[in-house]
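User: Could you take me through one part of this protein slowly, as if I were new to this? I'd like a close look at how two of its helices meet, and what sits between them.

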Amino acid sequence: EKGWFFCGNFGIILINSAWNAGPKAKDILEKMVQITMMRGAQTGGVVTYVKGRAGSTRGVRARVVNSKRTDLSKLVRAKLASTERRASWWNGLLDDVRFYAGHTRFATTSKATLAGCHPHQWSLPQ
């Protein structure tokens, strides 16, 4: 029997570094969360990439669980802002191209948890 998946995926790639400085890209990301959460999303998050050690790149995630009377899109945006702020203190954000991939989830068969909103954590092959 076929099932239903109530998740929403969204993303944005900023090629022009001028977009990284202003709020417009975050406005667009917030709107993407609003659209995907209309299906009843209870958790959500965004992953972006920052400078790692020795010139590498590493992903950082911003994840939230929505409460009964909160706006998931605003929570995701605020968490992303604090995550990027922390990352810029440690190693720095990527200056030129910025990539954001996000995910919202409606917990149909389990509790709404941070683990359930996952956005895109890759692991080594097993």
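Analyst: Let's go through the contacts between the two helices, then the cavity, and finish with a strand.

A word on ground rules. This is a predicted model, where local features need pLDDT of at least 70, side-chain atom pairs count only at pLDDT 80 or more, and totals for chains, interfaces and linings use all residues. Residues are numbered from 1 along each chain as its sequence is written, and side-chain values use heavy atoms, with hydrogens and water left out.

The two helices are α2 (24-37) and α3 (72-90). Helices here are DSSP runs of H or I with at least four residues, strands are runs of E with at least two, and both are numbered from the N terminus.

Start with charges. Side chains of opposite charge can pair when their charged atoms come close. To count as a salt bridge, a side-chain nitrogen of Lys or Arg has to be within 4 Å of a carboxyl oxygen of Asp or Glu. By that rule there are four salt bridges.

Take Glu84 and Lys26, whose side chains meet at 3.1 Å, N to O. Glu84 belongs to helix α3 and Lys26 to helix α2, and they are 58 residues apart. Both Glu84 and Lys26 are buried. Buried means under 20% relative accessible area, exposed means over 50%, and partly exposed is in between (1.4 Å probe, protein chains only).

Now look at Arg77, which pairs with Asp27 through N and O atoms 2.7 Å apart at their closest. Arg77 is in helix α3 and Asp27 in helix α2, so this pair ties together parts 50 residues apart in sequence. Arg77 has a relative accessible area of 24%, so it is partly exposed. Asp27, at 38%, is partly exposed too.

Arg77 also makes a salt bridge with Glu30, with the closest N and O atoms 2.8 Å apart. Glu30 is in helix α2, so its pair with Arg77 in helix α3 ties together parts 47 residues apart in sequence. Glu30 has a relative accessible area of 11%, so it counts as buried. Put Lys74 into the picture and you get a network of salt bridges linking Asp27, Glu30, Lys74 and Arg77.

So what about a gap? A cavity is found on a 1 Å grid over the protein atoms alone, as a set of points where a 1.4 Å probe fits but cannot get out; lining residues have an atom within 4 Å of a point. Grid points are joined across faces, edges and corners, and the volume is the space filled by probe spheres set on the points. Searching the whole structure turns up one cavity of 30 Å³ or more, with a volume of about 40 Å³.

Some familiar names line the largest cavity, including Lys26, Glu30 and Arg77. Also in the lining are Leu29, Val33, Val46, Ser73, Val76 and Leu80. By class, the lining has five nonpolar, one polar and three charged residues. (Nonpolar covers Ala, Val, Leu, Ile, Met, Phe, Trp, Tyr, Cys and Pro; charged covers Asp, Glu, Lys and Arg; the others, Gly among them, are polar.)

Last stop: strand β2 (residues 43-51), where eight of the nine residues are buried. Strand β2 runs antiparallel to β3 (residues 57-65), with nine bridges joining them. Strands pair if DSSP finds at least two bridges between them. Six bridges join β2 to β4 (residues 98-105), also antiparallel. Val47 shows both sides: its bridge partner in β3 is Arg61, and in β4 it stands opposite Ala101.

Definitions and conventions: On a 1 Å grid over the protein atoms alone, a cavity is a set of points where a 1.4 Å probe fits but cannot get out, and a pocket is an open set with protein on both sides within 12 Å along at least five of seven lines; lining residues have an atom within 4 Å of a point.
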